[in-house]
Amino acid sequence: MSIMEMSHRGKEFLSVIQQAEADLRDLLKIPENYEVLFLQGGATTQFSAIPLNLCTSDDTADFIVTGSWGDKAFKEAQKYCKGKVVWTGKAEKYSSIPNQSELNVTVGAKYLHICANETIHGVEYKDYPSTGNDTLLVADMSSNFCSKPVDVSKFGLIYAGAQKNIGPAGVTIVIVRKDLIGKAQPSTPIMMDYKIHSENRSLYNTPPCFAIYMCGLVFGDLLSQGGLEAIERKNVEKAELLYDAIDASEGFYKCPVEKNVRSLMNVPFTMATPEMEAQFIKEASAQGMVQLKGHRSVGGIRASIYNAMPRAGVERLVAHMKAFQARHI
Ligand code: PMP
């Protein structure tokens, strides 16, 4: 019998989800006072679930907007609480992350929301902002989850759609401090109420069993590779290969992101003209390197080099970059 046929309440699937949770706890060293929830609806559903669970409609939630995903999270939260943008990188086309001194945080804000890695713009936090005593730090880690160690205890809540680093779309991980559960706004849909999912060990309704099973396999694999310290070392090496190639190209390739916040996962770069970029992408595709086109909202090129991209894949892209440049100067 396959995992897709089984009852999610049978002991066979229970052992799958419990092992997945245990391995994720091991990987991220998740403290005991945090709940791990396996939910559905993607990270997008959490844009609404988070304010519904953490705020009353009169509470303020602060947002640092370092790219499109942070902006979407802010816009959705405004429906359920008083959302406030305390910093936005929009004017510089989302190429940086603010220093602590640039933030004008709201005293008494319920939480400060960040997007740990902006997938489209390729900006990634290296240090997290500190918040006032009563303000929780909440992070969307959808596109860098399990790519490096994280001190979970700094956060009130971390959330991530699975589909970049840990498994198929369909499961969304929420790691939330236990004392924050159980205070949802009365109108919160049952499927968004963390209390319901926590009380039912993520089995209130049929969970995405196959996706959870796959995530469990990936967690086991990440542990056997040496855990997240080892994964981070590999990711740093891969990203450095690409950024070094960009920086050594004497402006033929340009990365718009400030050096100290360049993403290890999504490496955006541009060339002199859109036509040249299109040619680069076409030639890469002919060599089996696909999905290099930048997001439609920003253009350019974007190499997404998630955990599963081997170093050899990055080396091949770098070889293409060098050969392409040699032919065009
Ligand atoms: N946040 C980030 C950082 C993302 O990269 C994405 C998806 N690319 C989302 C949120 C939305 O996730 P989902 O499609 O799982 O709703």
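Colleague: How many cavities of 30 Å³ or more does a search of the whole structure find?

Modeller: Happy to look, bearing in mind that this is a predicted model. The search covers the whole structure, with 30 Å³ as the lower limit on volume. At that limit, the number of cavities found is one.

Colleague: Thanks! What is the volume of the largest cavity, and which class of residue is missing from its lining?

Modeller: The volume of the largest cavity is about 50 Å³. Its lining includes Phe 38, Leu 39, Met 191, His 197 and Asn 205. By class, five lining residues are nonpolar and four are polar. The class with no residue in the lining is charged.

Colleague: Now to the ligand: which helix gives the most to the shell around it?

Modeller: The ligand is surrounded by 13 residues, with Thr 44 and Asp 140 among the closest. The shell is made up of four nonpolar, seven polar and two charged residues. One helix, spanning residues 42-54, gives four residues to this shell, the most of any element. That helix is α2.

Colleague: How much of the ligand's exposed area does the protein bury, and which side chains offer polar atoms to its oxygens?

Modeller: Let's take the side chains in turn: an N or O atom of the Thr 119 side chain is 2.5 Å from a ligand oxygen, and for a polar side-chain atom of Gln 163 the distance to a ligand oxygen is 2.9 Å. The Trp 69 side chain also has an N or O atom 3.5 Å from an oxygen of the ligand. Taken alone, the ligand exposes 400 Å², and the share of that buried by the protein is 85%.

Notes:
Residues are numbered from 1 along each chain as its sequence is written. This is a predicted model: local features need pLDDT of at least 70, side-chain atom pairs count only at pLDDT 80 or more; totals for chains, interfaces and linings use all residues. Side-chain values use heavy atoms; hydrogens and water are left out. A residue is near a molecule or strand if one of its heavy atoms lies within 4 Å of it. A polar contact is a pair of N or O atoms within 3.5 Å; within protein, one must be able to donate a hydrogen and the other to accept it, and residues adjacent in sequence count only if both atoms are side-chain atoms. Accessible areas come from the Shrake-Rupley method with a 1.4 Å probe; for residues, only the protein chains shown count as cover. Helices (H or I, at least four residues) and strands (E, at least two) are DSSP runs, numbered from the N terminus. Ala, Val, Leu, Ile, Met, Phe, Trp, Tyr, Cys and Pro count as nonpolar, Asp, Glu, Lys and Arg as charged, and the others, Gly among them, as polar. On a 1 Å grid over the protein atoms alone, a cavity is a set of points where a 1.4 Å probe fits but cannot get out, and a pocket is an open set with protein on both sides within 12 Å along at least five of seven lines; lining residues have an atom within 4 Å of a point. Grid points are joined across faces, edges and corners, and a volume is the space filled by probe spheres set on the points.
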